[in-house]
Amino acid sequence: METMSPLTLGILGSLAAGLMTAVGAVPVLFGRIPSRSTRDLLLGFAAGVMLAASFFSLIIPALDAAERQFESGAAPAAVVCVAILLGMGAVALINERLPHEHFKSGREGPEAASLRRVWLFIFAITIHNFPEGLAVGVGFGADGLSGGLPLAIGIGLQNAPEGLAVAVALLGEGYAKGRAWGIAALTGLVEPIGGLLGAGIITLSQPLLPWGLAFAAGAMLFVISHEIIPETHRSGHQNRATLGLSIGLVLMLFLDVWLG
C-alpha cells in the first residue's frame with residue numbers, strides 16, 4: 001500500500017470507511033436490532049470518534065502545515081480558523097438548500113414535500129457522509145498512508161453505528177429488511193466521491209493543504225453538532241450517549257497516536 005499514490009489511497013480508504021455503513025446495518029437482516037438506548041450509545045461513540053479525528057488528525061496537522069508556509073505569528077492560526085468556519089458554513093449551506101429530512105424533526109429545505117420519502121433520507125445521509133469522505137481523502141493526500149489511515153479507521157468505526165441507525169429508521173417507515181439494508185449500504189458509497197475530491201485537491205496544490213485539512217475538520221464539526229449529538233439526546237439517553245462519546249474520543253486519540 002505504501003507504493004500507491006495518495007489519490008489512490010484516498011479513494012480506497014474512503015471506500016473502505018464507507019462500506020462499514022453496510023457492515024453496521026447487517027443486524028437488521030437478522031432481526032437483532034439493538035434498543036434505542038444502545039443505538040444512542042453507538043451514535044455517541046461515532047460523535048466522539050469524529051470529534052477526536054477533527055482535532056488530532058485534521059486541525060493540528062493543518063496548524064503544522066500553516067506554520068511551515070507562514071512566518072510565526074497570527075497568520076497560521078487565522079488561516080486554520082477561517083478554513084474551519086468555511087467548512088462549517090459550506091455544510092450548513094448545503095443543509096439549508098438541499099431538500100432532505102431528519103429522522104425526528106421532519107422535512108427541511110425547498111420543495112421537500114414533492115420528493116419521495118426515501119430520497120429525502122438519502123439526501124440527508126449524503127450531507128452527513130460526504131464530509132467524512134472528504135476528510136479521509138485530505139488525510140491521505142496530505143501525508144499518504146500515515147496521514148489517512150487513522151482517519152479511515154476512525155470514520156469506518158463510526159460509520160457502523162450510523163449504518164445501523166439509518167436501516168432501523170427505514171424499518172420504522174415500513175421498508176423491508178433487505179431494502180432497508182441496501183439503502184443504508186448505498187449511502188456509504190458517497191464517501192469515495194468526497195475522498196477523491198479531497199485527495200485530488202491536496203495532491204495538486206500543496207499550498208492548499210492547511211485550508212483543506214481545516215475545511216474538512218469544520219465540515220465534520222458541523223455534522224457532529226447539528227446531526228449526531230442532537231439525535232442521541234432526543235430520547236432521554238444523554239448519559240449513555242455521553243459515555244459513548246467519551247469512549248469514541250479516547251479510542252480515536254489512541255489510534256491516531258499509535259498509527260500516526
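Q: Contact here means heavy atoms within 4.5 Å, so with which residues is N159 in contact, leaving aside its neighbours within four places in sequence?

A: N159 is in contact with A17, G18, M20, T21, N129, E132 and E191. This is a predicted model in which local features need pLDDT of at least 70 and side-chain atom pairs count only at pLDDT 80 or more, while totals for chains, interfaces and linings use all residues. Residues are numbered from 1 along each chain as its sequence is written, and side-chain values use heavy atoms, with hydrogens and water left out.

Q: Where is N159 placed, and why is N159 called buried?

A: N159 sits in helix α5, residues 117-172. Its relative accessible area is 0%, and buried means under 20% (exposed is over 50%, partly exposed is in between, with a 1.4 Å probe and protein chains only). N159 is therefore buried.

Q: What makes E191 buried, and what is E191 in contact with, beyond its neighbours within four places in sequence?

A: E191 has a relative accessible area of 0%, so E191 counts as buried. E191 belongs to helix α7, residues 191-204. Its contacts are S14, A17, G18, N129, E132, G133, I155 and N159. The contact with N159 also appears in the list for N159, alongside A17, G18, N129 and E132.

Q: Is F30 buried or exposed, and how do you know?

A: F30 has a relative accessible area of 54%, so F30 is exposed. F30 lies in helix α2, residues 27-30. Its C-alpha atom is 9.9 Å from that of G178, although the two residues are 148 residues apart in sequence.

Q: How many helices and strands does the protein chain have, and in what order do the elements run?

A: There are 9 helices and 2 strands. Helices (H or I, at least four residues) and strands (E, at least two) are DSSP runs numbered from the N terminus. From that end the order is α-α-α-α-β-β-α-α-α-α-α. Of the 260 residues in the chain, 49% are buried. Among contacts with a separation of 6 or more, 80% join residues 24 or more positions apart.

Q: How do you know that the span of α7 agrees with its number of residues?

A: The expected span is 1.5 Å times one less than the number of residues. For the 14 residues of α7 that gives 20 Å, and the end C-alpha atoms are 20 Å apart, so the two agree. Buried residues of α7 are E191, P192, G194, G195, G198, A199, G200 and I202.

Q: Why is α1 called roughly antiparallel to α7?

A: The axes of helix α1 (residues 6-24) and α7 come within 8 Å and cross at roughly 155°. Axes are lines fitted to C-alpha atoms, for helices over the stretch in contact, and angles run from 0 to 180 degrees between N-to-C directions. Angles under 35 degrees count as roughly parallel, over 145 as roughly antiparallel, 65 to 115 as roughly perpendicular and the rest as oblique. That makes α1 roughly antiparallel to α7. On the α1 side the contact is made by P6, L7, G10, I11, S14, L15, A17 and G18, and on the α7 side by E191, P192, G195, L196, A199, G200 and T203.

Q: What makes α3 and α4 oblique to each other?

A: Helix α3 (residues 36-69) and α4 pack at about 135°, with their axes 8 Å apart. That angle falls in none of the named ranges, so the pair is oblique. In this contact, I59, A62, L63, A66 and E67 of α3 meet P76, A77, V80 and I84 of α4. These residues divide into 8 nonpolar, no polar and 1 charged. Nonpolar covers Ala, Val, Leu, Ile, Met, Phe, Trp, Tyr, Cys and Pro; charged covers Asp, Glu, Lys and Arg; the others, Gly among them, are polar.

Q: How do you know that the span of α4 agrees with its number of residues, and which residues of α4 are buried?

A: With 23 residues (75-97), α4 should span 33 Å, and its end C-alpha atoms are 32 Å apart, which agrees. The buried residues are P76, V79, V80, A83, I84, G87, V91 and N95.

Q: Why is α4 called oblique to α8?

A: The axes of α4 and helix α8 (residues 209-233) come within 7 Å and cross at roughly 50°. That angle makes α4 oblique to α8.

Methods: Contact means heavy atoms within 4.5 Å.
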